Amino acid sequence: MRAQVLICPTITLRAYGHLCHTPRRLYRYGSSSQFLNLNLSRFSRRLLTSFFHMEFQSGAGSSGKKSMVENLKRYGVISSKRVAQVMEHLDRGLFVPAGSSAYVDTPVPIGYNATISAPHMHATCLQLLEDKLQPGMRALDVGSGTGYLTGCFALMVGAEGRVVGVDHIPELVDMSIKNIEKSVAASLLTKGSLSLHVGDGRKGWQEFAPYDAIHVGAAASEIPQPLLDQLKPGGRMVIPLGTYFQELKVIDKSEDGSIKAHTETSVRYVPLTSREEQLGGF
Ligand code: SAH
């Protein structure tokens with residue numbers, strides 16, 4: 001096996017500067033396209049966050065999109081057909097700023113001290129929420145940013161479902177609407193099963209609650225109570241928790257309303273915070 005384990009300052013800076021997620025499997029594959037799969041303890045994974053970077057050297061356009069999904073499948077990040085289909089169908093290229101690498105597995109800055117998450121992070125969250133993104137179901141995407149994941153949710157629940165994206169930066173919400181309008185999810189926006197709003201996502205979005213699926217795309221120090229309240233019994237929330245060291249938590253609400261939580265992996269997200277704090281220094 002030819003694999004590269006990189007300890008590289010450039011990559012370190014990129015990982016932290018763009019705020020990315022630590023994959024469960026850490027690897028960078030070499031020209032042989034083989035990879036090193038390290039089963040590390042959570043502690044080791046945290047320590048190594050900055051030293052590893054997963055990158056897909058995919059081509060442009062539809063071939064880039066296809067090979068991005070193929071790689072995510074090969075490395076076990078995508079395990080279901082529906083997640084593969086939606087990520088192939090909704091073109092990430094329409095959601096990243098012009099000139100950025102759309103299909104490379106890295107977060108990309110989108111302005112306003114925010115990033116579009118890396119493809120493996122989108123795939124991880126889609127996998128975790130897949131059962132709660134069945135046709136007709138309801139989903140809330142807090143910190144919707146570019147609208148990419150919100151669009152994936154909308155395509156999965158379809159015209160009979162309801163998906164709401166909330167971000168507190170009005171310019172990002174405008175941009176996300178424009179992105180969706182150019183995409184295969186455009187008709188869901190016009191038909192009203194998908195909407196994107198400006199708001200403080202820590203309050204959720206009461207109008208269409210309760211939700212089968214809630215995704216939070218920014219890290220909270222604790223789970224905002226309104227989000228727990230707006231989660232349907234039987235529903236699932238995926239939320240990064242923590243400040244410097246963060247963990248992706250999966251919160252399941254049972255039919256009797258009791259809550260069970262488990263940690264999926266270590267991550268690094270932008271904070272779920274106030275608009276003023278996020279824009280400080282921007
Ligand atoms: N998941 C998105 C964006 C992730 S970046 C994507 O991949 O495109 C996190 C986003 O959370 C940013 O857009 C930021 O503006 C937003 N955010 C942070 N705190 C927020 C809050 N309190 N309410 C709503 N959005 C918030």
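**Figure 1. Residues surrounding the ligand in the predicted model.** In this predicted model, the ligand is surrounded by 24 residues. The closest of these are H122, T146, D167, G201 and T273. Sorted by class, the shell around the ligand holds 13 polar residues, eight nonpolar residues and three charged residues. Strand β4, formed by residues 114-116, supplies the largest share of this shell, with three residues. The largest cavity is the space taken by the ligand.

**Figure 2. Polar atoms of H122, H168 and Q278 beside the ligand.** At H122, a polar side-chain atom lies 2.8 Å from an oxygen atom of the ligand. The side chain of Q278 places an N or O atom 3.0 Å from an oxygen atom of the ligand. At H168 the atom concerned is a backbone N or O atom, and it lies 3.3 Å from a nitrogen atom of the ligand. Taken alone, the ligand exposes 580 Å², and the protein buries 100% of that area.

**Figure 3. Helix α5, which includes H122.** Helix α5 consists of residues 119-129. Eleven of its eleven residues are buried, so the helix is largely enclosed by the rest of the structure. The buried residues are P119, H120, M121, H122, A123, T124, C125, L126, Q127, L128 and L129. H122 is also among the residues closest to the ligand. As a guide to viewing, an α-helix has 3.6 residues a turn, so residues three or four places apart point the same way.

**Figure 4. The loop between β3 and β4, with Y112 and N113.** Strand β3 covers residues 108-111, and Y112 is found in the loop between this strand and β4. N113 has its place in the loop between β3 and β4. The phi angle of Y112 is near 60 degrees, a positive value in a residue other than glycine. For N113, phi is likewise positive and near 60 degrees, again in a residue other than glycine. Y112 has a relative accessibility of 24% and therefore counts as partly exposed, since the partly exposed class lies between 20% and 50%. N113, at 36% relative accessibility, also counts as partly exposed.

**Figure 5. The cis peptide bond between A209 and P210.** A209 and P210 are joined by a cis peptide bond, with omega at about 0 degrees. P210 is found in the loop between β7, residues 194-198, and β8, residues 211-216.

**Figure 6. H215 in strand β8 and its contact with D141.** H215 has its place in strand β8. The side chain of H215 makes a polar contact with the side chain of D141, at 2.7 Å. H215 has a relative accessible area of 5% and is therefore buried, as the limit for a buried residue is under 20%.

**Figure 7. S266 in strand β11, shown with F245.** S266 is found in strand β11, which is made of residues 259-267. With a relative accessible area of 1%, S266 is buried. S266 and F245 are 21 residues apart in sequence. In space, the distance between these two residues is 7.5 Å, C-alpha to C-alpha.

How values were computed. Residues numbered from 1 in each chain as written. Predicted model: local features only at pLDDT ≥ 70, side-chain atom pairs only at ≥ 80, totals over all residues. Heavy atoms only, no water. Near = heavy atom within 4 Å. Polar contact = N/O pair within 3.5 Å; in protein donor to acceptor, adjacent residues only side chain to side chain. Areas by Shrake-Rupley, 256 points an atom, 1.4 Å probe, with all protein chains shown as cover. 1 Å grid on protein atoms, 1.4 Å probe; cavity = no way out; pocket = protein on both sides within 12 Å on 5 of 7 lines; lining within 4 Å. Sits in = over half its atoms within 2 Å of the grid points. Helix = DSSP H or I, 4+ residues; strand = E, 2+ residues; numbered from the N terminus. Nonpolar A, V, L, I, M, F, W, Y, C, P; charged D, E, K, R; others polar. Buried < 20%, exposed > 50% of the residue type's maximum accessible area, 1.4 Å probe, protein only.
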